[in-house]
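This briefing goes through selected local features of one protein chain, grouped by topic. Please read it with the sequence and the coordinates open.

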Amino acid sequence: MPYDTQPPASHFINGRYVEDSAGDLIEVVYPATGAVIARIHAATPAIIEEAITSARAAQAAWAALSGTERGRILRRASEIMRERNHDLSVLETFDTGKPYQETSVVDATSGADALEYYGGMAATLTGEHIPLAGGDWAYTKREALGLCVGIGAWNYPTQIACWKGAPALACGNAMIFKPSETTPLCALKVAEILHEAGLPAGLYNVVQGMGAVGAALVTDPRVDKVSLTGSVPTGRKVYAAAADGMKHVTMELGGKSPLLVFEDADIDAAVSGAILGNFYSTGQVCSNGTRVFVQNAVIEPFLARLAERLKGAVIGDPQDPATNIGPMASARQLEIVEGYVAKGLEEGARLVAGGTRIAGEGFWFPPTVFADVTDDMTIAREEIFGPVMSVLGFDTEDEALRRANDTPFGLAAGVFTRDLARAHRVVDAFEAGTCYINSYNDAPVEMPFGGVKMSGVGRENARAAIEHYSQLKSVYVRMGQPEAPF
Ligand code: NAD
């Protein structure tokens, strides 16, 4: 392989690569071929200890720098990331299987956006002056939380490492990041780049491992905050463990988001939205609009146009820039998707595209579309996390909204219509944290991102994330004598 995917060591702690081969072996597999492309080890207790002590030792001096100084380092890191975009994108494609056509414009780029955005914001994180009766006054200071732990999912390893790391560091925290065991390679590059940009050692440590390593970090009393991107079952466990120590949390969890297409919509645009919301990253996107509700009057033209557009799917070598559909991230995820497709058929949904795994090496599944899906079917209720779109018919706006909201999840929701008033009315009624009008799945760093209901707690990106990586100290200042009762 011309590209070296084996990192120098498993972990990046205190400014350098560190190994402890006593940790469980993790084989990193290229999803396109099933070949092992790197071998690393899960963190042992000694590695976790080193990560925590070095992070805590470095944090106070980092918080004592001016925001301008901290921001400069983050912005420098963003520039390095952009300069290395090609190599980072190739690595992201090896790590996840996502096509280079995507990774070259989304992954390191959105990571760099986060570093640039929070680098620019670091100097603006001020408190308030609050005038009070009798000339007294109060002020607030925005302080760092201390040591933050980030735990990542496997679909956007670089982006997740930066979406958590950039606001944490901007606020003066240290971060320990544990990537998903499925995609452990990219976060190491983020750590390398941050330190090359001048980040003092210890402030962004990467430790590898399965859930047990995440759990050890979450339960350590020296950790002040946990930000998880993962599934709802993991979120429940991590939130509960964090609650025990009264730690701050951000939970970016799963979804089963609705996409509503009204009869007055631009059908081609709506089909684009449905493709972006179901097949990008081979469907492995948390905010995907996997329940596509189409008004009955336009359901057949919608399906016909979708079938036409599916002919443009190019499934093949993910490193080839012409490819736009890559494999599933793992054999396990492929099996999960196959299981859901079987359930869909068994429960009476009409398969109109895809549906069978692609034979050969690697973990391939084609874009799959079910029509005649009803609300009670398993494929309409549970998160599949693969390229499986469910199309459901509806007649009225009220009906569509009631059904769209009838889910324990609330991550995202979208609407396609030319009627402006309807668009905003529908968005007001959506029980979702992130909504789209005549678009789907955009996630610019300037816009808060996150879910309601079982899909999560807190927000990433934008100024909103600052609230989740800092805390306020309020100071009352009396200008005269305090009055005591005796
Ligand atoms: P997962 O829940 O299996 O794992 C997520 C991370 O948690 C991994 O790093 C894992 O090692 C770790 N983990 C597992 N058990 C743990 C424990 N007890 N304590 C601490 N850490 C633990 O999720 P996944 O399969 O990697 O990712 C897919 C899921 O993530 C989907 O549900 C998807 O919707 C969700 N997701 C959400 C977002 C978002 O921003 N809302 C983004 C991407 C993915």
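**Charged pairs, burial and packing**

Arg56 has a relative accessible area of 38% and is therefore partly exposed. The model is a predicted one, and a search of the whole structure finds 28 salt bridges. Some of these salt bridges are described below, together with a buried lysine, a helix pair, two further buried residues and two residues with positive phi.

**Salt bridges**

- In one salt bridge the side chains of Arg56 and Asp224 meet, with an N to O distance of 3.4 Å. This pair links distant parts of the chain, since Arg56 belongs to helix α1 (residues 45-64) while Asp224 sits in the loop between α7 (211-219) and β10 (225-229), 168 residues apart.
- Asp224, like its partner, counts as partly exposed, because its relative accessible area is 22%, and the value for Arg56 is 38%.
- The side chains of Arg222 and Asp220 also meet in a salt bridge, at 3.0 Å from N to O. Arg222 is partly exposed at a relative accessible area of 26%, whereas Asp220, at 12% relative accessibility, counts as buried.
- A further salt bridge joins Asp372 to Arg350, where the closest N and O atoms are 2.8 Å apart. The two residues come from distant parts of the chain, Asp372 from the loop between β15 (368-371) and α12 (378-381) and Arg350 from strand β14 (residues 350-353), with their positions 22 residues apart.
- Asp372 is partly exposed, with a relative accessible area of 47%, and Arg350 likewise counts as partly exposed, at 35% relative accessibility.
- Asp264, Glu397, Arg422 and Arg425 are joined into one network by salt bridges that share partners.

**A buried lysine without a salt bridge**

- Lys247 is located in the loop between α8 (232-244) and β11 (248-252). Although Lys247 is buried, it has no salt bridge, and the nearest side chain of opposite charge, that of Asp220, is 6.2 Å away.
- The salt-bridge cut-off is 4 Å between a side-chain nitrogen of Lys or Arg and a carboxyl oxygen of Asp or Glu, so the 6.2 Å from Lys247 to the side chain of Asp220 does not qualify.
- The backbone of Asp220 offers another kind of partner, as its oxygen lies 2.6 Å from a polar atom of the Lys247 side chain.
- When neighbours within four places in sequence are left aside, the residues in contact with Lys247 are Val218, Thr219, Asp220, Pro221, Val223, Asp224, Val226 and Ala242. Two members of this list also take part in the salt bridges above, Asp220 with Arg222 and Asp224 with Arg56.

**Helix packing**

- The axes of helix α3 (residues 85-96) and helix α6 (residues 186-196) come within 9 Å and cross at roughly 150°. That crossing angle makes α3 roughly antiparallel to α6.
- At this contact, Leu88, Leu91, Glu92 and Asp95 in α3 meet Cys186, Lys189 and Ile193 in α6.

**Two further buried residues**

- Val292 has its place in strand β13 (residues 291-295), and it counts as buried because its relative accessibility is 0%.
- Leaving out residues up to four places away in sequence, Val292 touches Leu259, Val261, Ala274, Asn278, Phe302, Met389, Ser390, Val391 and Leu392. Val292 and Gly414, which are 122 residues apart in sequence, lie 9.3 Å apart in space from C-alpha to C-alpha.
- Asn288 is placed in the loop between α9 (267-276) and β13, and with a relative accessible area of 3% it is buried.
- The side chains of Asn288 and Asn441 are joined by a polar contact of 2.8 Å. Beyond residues up to four places away in sequence, Asn288 touches Ser257, Leu276, Gly277, Asn278, Gly283, Tyr440 and Asn441.

**Positive phi in the β18 to β19 loop**

- Asn438 lies in the loop between β18 (434-437) and β19 (456-457), and its phi is near 55°, a positive value in a residue other than glycine. At 41% relative accessibility, Asn438 counts as partly exposed.
- Lys453 is likewise found in the loop between β18 and β19, with phi near 50°, again positive in a residue other than glycine. Its relative accessibility of 35% means that Lys453 counts as partly exposed.

Key
Residues are numbered from 1 along each chain as its sequence is written. This is a predicted model: local features need pLDDT of at least 70, side-chain atom pairs count only at pLDDT 80 or more; totals for chains, interfaces and linings use all residues. Side-chain values use heavy atoms; hydrogens and water are left out. Helices (H or I, at least four residues) and strands (E, at least two) are DSSP runs, numbered from the N terminus. Buried means under 20% relative accessible area, exposed over 50%, partly exposed in between (1.4 Å probe, protein chains only). Lys and Arg count as positive and Asp and Glu as negative; His and the chain ends are not counted. A polar contact is a pair of N or O atoms within 3.5 Å; within protein, one must be able to donate a hydrogen and the other to accept it, and residues adjacent in sequence count only if both atoms are side-chain atoms. Contact means heavy atoms within 4.5 Å. Axes are lines fitted to C-alpha atoms, for helices over the stretch in contact, and angles run from 0 to 180 degrees between N-to-C directions. Angles under 35 degrees count as roughly parallel, over 145 as roughly antiparallel, 65 to 115 as roughly perpendicular and the rest as oblique.
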